[in-house]
Amino acid sequence: KSAAFPVKKTLEEFDFEFQSSIDKKVIEDLATLRFVHNAENVVLLGPPGVGKSHLAIALGIEVAKAGISVYFTNSGNLIERLKLANREGILEKKLKGLMKFKVLIIDEMGYLPFDEEGAHCLFQLISRRYEKSSTIFTSNKSYGEWGEIFKDHVIAAAVLDRILHHCTTINIKGESYRLKERKKQGIKT
Ligand code: ADP
């Protein structure tokens, strides 16, 4: 089933001891995929390098292993494609196409802000998936900062309202794993 993960990352490879701000039980519960059957969402928040994408991909791999359709994309790419579809008058078709996937992973929410059209397209996508299928997000911005991603605070609130109604939020704190690896190699940072 279609996945398109940029790299392979598994739950077994994740060092929960290094990342003590994560409750392993919560991740294990997500790995049961009950959230998928209940059409709930998952949001992984935290600074760069703390393992948000790793966990999103690892959960995605669990979904694929269970024979459930999953699709991975980053927010910038997704929004560009939705905007293109909007201009061609085929946004509805495109959104319907994305409903094929029981789980949609949207990586890196917030690295680039959305313009008005982009925010509109994302709102349409979230509204359509609401209570029907799961979406996993990663973001380096806290919920309070999501207004900035959308510029329009009203749209941001409407999107968040739908995402958070049935959602597990994982707030990851701490140091970048990449930094730790560099330190281990004795490279000055
Ligand atoms: P983020 O999405 O939060 O910016 P990534 O998930 O891309 O961070 O993690 C950066 C790199 O560090 C990846 O190669 C990832 O596999 C690795 N990594 C991060 N946290 C851990 C961890 N706790 N255990 C093992 N590898 C980790």
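This report walks through the ligand site of a predicted model and then turns to its enclosed cavity.

**The ligand and its shell**

Let's start with the ligand, which sits in the largest pocket. The shell around the ligand counts 15 residues, and those that come nearest are Asp 15, Gly 49, Lys 52, Ser 53 and His 54. By class, this shell is evenly split: 5 residues are nonpolar, 5 are polar and 5 are charged.

Two helices, H3 (52-65) and H9 (177-184), each bring at least two residues to the shell. Helix H3 gives the largest share, with 3 residues.

Several polar contacts link protein and ligand, and the table sets three of them side by side.

| Residue | Protein atom | Ligand atom | Distance |
|---|---|---|---|
| Asp 15 | backbone N or O | nitrogen | 2.8 Å |
| Val 50 | polar backbone atom | oxygen | 3.2 Å |
| Arg 178 | polar side-chain atom | oxygen | 3.3 Å |

In words, Asp 15 meets a ligand nitrogen through its backbone, Val 50 also uses a backbone atom but faces a ligand oxygen, and Arg 178 reaches a ligand oxygen with its side chain. How much of the ligand does the protein bury? Taken alone, the ligand exposes 550 Å², and the protein buries 86% of that.

**The pocket that holds the ligand**

Now for the pocket itself. The largest pocket has a volume of about 500 Å³, and 23 residues line it. Lying nearest its centre are Gly 49, Gly 51, Ser 53, His 54 and Arg 178. Some of these names are familiar from the ligand shell: Gly 49, Ser 53 and His 54 are also among the residues that come nearest the ligand.

Which elements give two or more residues to this lining? They are H3, strand S3 (103-109) and H9. Helix H3 again makes the largest contribution, here with 4 residues. The lining divides into 10 nonpolar, 6 polar and 7 charged residues.

**A closer look at helix H9**

Helix H9 deserves a short stop on the way. At its start, a side-chain oxygen of Ser 176 comes to within 3.1 Å of the backbone nitrogen of Arg 178. Arg 178 is also the residue whose side chain has a polar atom 3.3 Å from a ligand oxygen. After the helix comes Gly 186, which has a positive phi near 75 degrees.

**The enclosed cavity**

Finally, there is empty space to consider elsewhere in the model. Rolling a probe the size of a water molecule over the atoms shows where such space is left. How many cavities of 30 Å³ or more does the structure hold? There is 1, and the largest cavity has a volume of about 60 Å³.

Residues lining the largest cavity include Ala 39, Asn 41, Tyr 130, Phe 137 and Arg 162. Helix H6 (116-129), strand S4 (134-139) and helix H8 (153-165) each supply at least two residues of this lining. Its makeup by class is 5 nonpolar, 3 polar and 3 charged residues.

Terms used. Residues are numbered from 1 along each chain as its sequence is written. This is a predicted model: local features need pLDDT of at least 70, side-chain atom pairs count only at pLDDT 80 or more; totals for chains, interfaces and linings use all residues. Side-chain values use heavy atoms; hydrogens and water are left out. A residue is near a molecule or strand if one of its heavy atoms lies within 4 Å of it. A polar contact is a pair of N or O atoms within 3.5 Å; within protein, one must be able to donate a hydrogen and the other to accept it, and residues adjacent in sequence count only if both atoms are side-chain atoms. Accessible areas come from the Shrake-Rupley method with a 1.4 Å probe; for residues, only the protein chains shown count as cover. On a 1 Å grid over the protein atoms alone, a cavity is a set of points where a 1.4 Å probe fits but cannot get out, and a pocket is an open set with protein on both sides within 12 Å along at least five of seven lines; lining residues have an atom within 4 Å of a point. A molecule sits in a cavity or pocket if more than half of its atoms lie within 2 Å of its grid points. Ala, Val, Leu, Ile, Met, Phe, Trp, Tyr, Cys and Pro count as nonpolar, Asp, Glu, Lys and Arg as charged, and the others, Gly among them, as polar. Grid points are joined across faces, edges and corners, and a volume is the space filled by probe spheres set on the points.
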